[in-house]
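Hi everyone, thanks for making time for this. I'd like to walk you through a structure that is new to most of us, so have a look first and then we'll go through it together.

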Amino acid sequence: MNTTEIAMENRRFAPIRKTWESLMRTAGDRAQSLRSSIFKLGLSAVLQGLALASILPLIDALCITHDMNSALVWLSIFTLCFAFSAALRWRAYHFEFRGEMIMITQFLRTELGRKMRQMPLQDIQGARSGELIHTLLTSVDSTLSYVLGVANAIFTSLLVPIIVAIVLLAYDWRLSLALLAVFPAIVFFYHRRRPAFGQSARGVDEAHKALYSDAVEYIQGLAILKAVGQESAQRHRLQARFDDLEAMQRKDTQLGSSPNLLMTSMVELGMLTVMLLGVYLVMIGQLPLALLGAFLVIVIRFAEPLSSLVLYTYMFDMLESAMGDLDTLRAQPNQVVFEPQQQPRDYGIEFSQMSFQYANSNKVGLCDVSLSIPERSMTAIVGPSGAGKTTLMKLMQRYADPQCGAIRIGGADIRHMSAAELSGLVSVVFQDVYLFNDTVLHNIHIARPSATREEVQQAARLANCDEFVQALPQGYETIVGERGGNLSGGERQRISIARAILKDSPILVLDEPTASLDVENETLVQGALNYLVKSRTVIVISHRLSTVQGADRIVVLEAGRVTECGNHNALMARQGTYYRMQMAQCSTA
Ligand SMILES: Nc1ncnc2c1ncn2[C@@H]1O[C@H](COP(=O)(O)OP(=O)(O)OP(=O)(O)O)[C@@H](O)[C@H]1O
């Protein structure tokens, strides 16, 4: 069983009622219009059936009873039914022509975008980017683009023949029953096979998602993969995804094409039986030839859509699968802002008896951490790799809520602050800087969209960016490339410092910002940081102990616990972990 098949095992096939409810939820405030359009399509199919059925009495009146008045009545009924059917279908599709379907798509994408902003970062980052992209693009499109087309096809191919068969009862019950007999066979057949069809549609969907995710990862990591000589391993993994998708599509085709052919054959056999029976009835003088002719014209008219029913129901299954993805994303819990909302009275930070474990891990991330950081002080967090330093800072930005304890800024519990307020309080300069594929100006400007161009340039000057930016081909209008690929590491880092300067938050977290820089760039970045750290509450994470000796307080974190806390001299005198780390770094320097 491949990974796609395992994912499929976990997803059960939803009843049609649930799909309908989910579709209406998806349509949001246009649900009523969509419901009414689908209803109009159903009514249009009924009228189309009545129009076709009225051909029988019309032919009867024209060719058999020669009752011209009756013929005129039936002709009028035929015309009216036909005209109303076309008008209703037109009205139903108006929903699409008016662009409402596109508006629902837009509404849905906006809703999902909002949902992602409201989810805890832990949940968003836990999902694979490719899967989210697939849900946002493919699932949204597959859900909505085909709804009316599928509904129209299913209604027409089912309702029209049923109505014709019912009207035919008045003429010859044997022919009518022969025609109606096709339906239980189709329904029985579809019910038996539907779980398999549905699973197969979902299988292809899951395989697409897995492929999207690996393709995104492969493209983003290509440079690193080549650098470490692992490009071919990852390529094989991607190839395995292609193979998975091919296998699922092959299975899907096998599952789909044989029943499709079988269903077509069943319908054709049914029609042949009806025709043979009709000819027989004509031969023994129990059915007028003209009626048989009219009847056969009608039967041929709907034999084709009826035999394609499997195809339409398959599209319905695809729709259901896409809807499942959307519902799964919608069902994710939001990050709750607790009431009453609280305002910080200053910018000191307090971690109190806080413990945290990552959702996908059985290891304790942080354990009983209590720490008081006064405002406008500098605190360094040091400790071995994997000790929990970055986790501590992520929790301060509400990446996720700790399972125990609390984090307070200026006395206010961060769970009682809105996302915008909390984000306004804290700026972070990471070791890995993320730049968007946009201009230098935009990349700095996003830190405070209300800032003027002059303020952006002032921040860039203070962050030692101005000189290199002016030397770029279009200066501040130069596009930095995907993830800032057209700039050096030091340049990217200085842009991220310019962002922090522009944002001007009272709390600043520096997560190893100079760790990967050469000496020249480190000096430039350090110069920019010196401006930034003034008059703020600063927390520095660093492995290089020489850079943190001047901090007001140094916190040593080991295996998620605070084991030492004090200034450099106090910790050196203690001769504990910090002392040993200092000694180890001195001896390797
Ligand atoms: N998203 C995650 N899901 C599960 N476990 C994680 C996640 N991120 C980090 N961890 C684990 O949590 C522990 C602490 O990680 P963290 O990144 O906070 O360490 P760190 O002290 O910052 O390390 P380093 O100095 O190497 O950056 C590690 O064991 C790590 O494997």
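Let's begin with residues 146-167: the C-alpha atoms at the two ends of this span lie 32 Å apart, and the span is 95% helix and 0% strand. Please keep in mind that this is a predicted model.

Why start there? UniProt, in an unreviewed entry, gives the feature "transmembrane region" to residues 146-167, and also to residues 38-59, 71-88 and 173-190. Take residues 71-88 as well: that span is 100% helix and 0% strand, with its end C-alpha atoms 25 Å apart.

Now let's see how some of the helices meet. Helix α3, residues 31-53, and helix α9, residues 147-168, have axes that come within 8 Å and cross at roughly 35 degrees. Their crossing is right-handed. If you want to find the contact on screen, look on the α3 side for residues including Ser37, Ile38, Leu41 and Gly42, and on the α9 side for residues including Leu148, Ala151, Asn152 and Phe155. What is this contact of α3 with α9 made of, by class? There are 15 nonpolar and 6 polar residues, and no charged ones.

Staying with α9, it has another neighbour to show you. The axes of α9 and helix α10, residues 173-180, come within 8 Å and cross at roughly 160 degrees. Angles over 145 degrees count as roughly antiparallel, so that is how α9 and α10 run relative to each other. This crossing is left-handed. Here Pro161, Ala165 and Leu168 of α9 meet Leu175, Ser176, Leu179 and Leu180 of α10. That contact of α9 with α10 has 6 nonpolar residues, 1 polar and no charged.

Let's move further along the chain. Helix α19, residues 453-462, and helix α21, residues 489-503, have axes that come within 8 Å and cross at roughly 125 degrees, and the two are therefore oblique to each other. The crossing of α19 past α21 is right-handed. From α19 the contact uses Glu455, Val456, Ala459, Ala460 and Leu462, and from α21 it uses Ala498, Ile501 and Leu502. By class, this contact of α19 with α21 has 7 nonpolar residues, no polar and 1 charged.

Last stop, the ligand. Which residues are closest to the ligand? They are Tyr358, Ser385, Lys389, Thr390 and Thr391, out of 13 residues that surround the ligand. The shell around the ligand divides into 9 polar, 2 nonpolar and 2 charged residues.

That's my tour, thank you for listening!

Note on methods:
Residues numbered from 1 in each chain as written. Predicted model: local features only at pLDDT ≥ 70, side-chain atom pairs only at ≥ 80, totals over all residues. Near = placed C-beta within 6 Å. Nonpolar A, V, L, I, M, F, W, Y, C, P; charged D, E, K, R; others polar. Axes fitted to C-alpha atoms, helices over the stretch in contact; angles between N-to-C directions. Helix = DSSP H or I, 4+ residues; strand = E, 2+ residues; numbered from the N terminus. Parallel < 35°, antiparallel > 145°, perpendicular 65-115°, else oblique. Left-handed = near helix turned anticlockwise from the far one by under 90°. Contact = placed C-beta atoms within 7 Å. UniProt positions renumbered as here; feature names shortened; annotations may be inferred.
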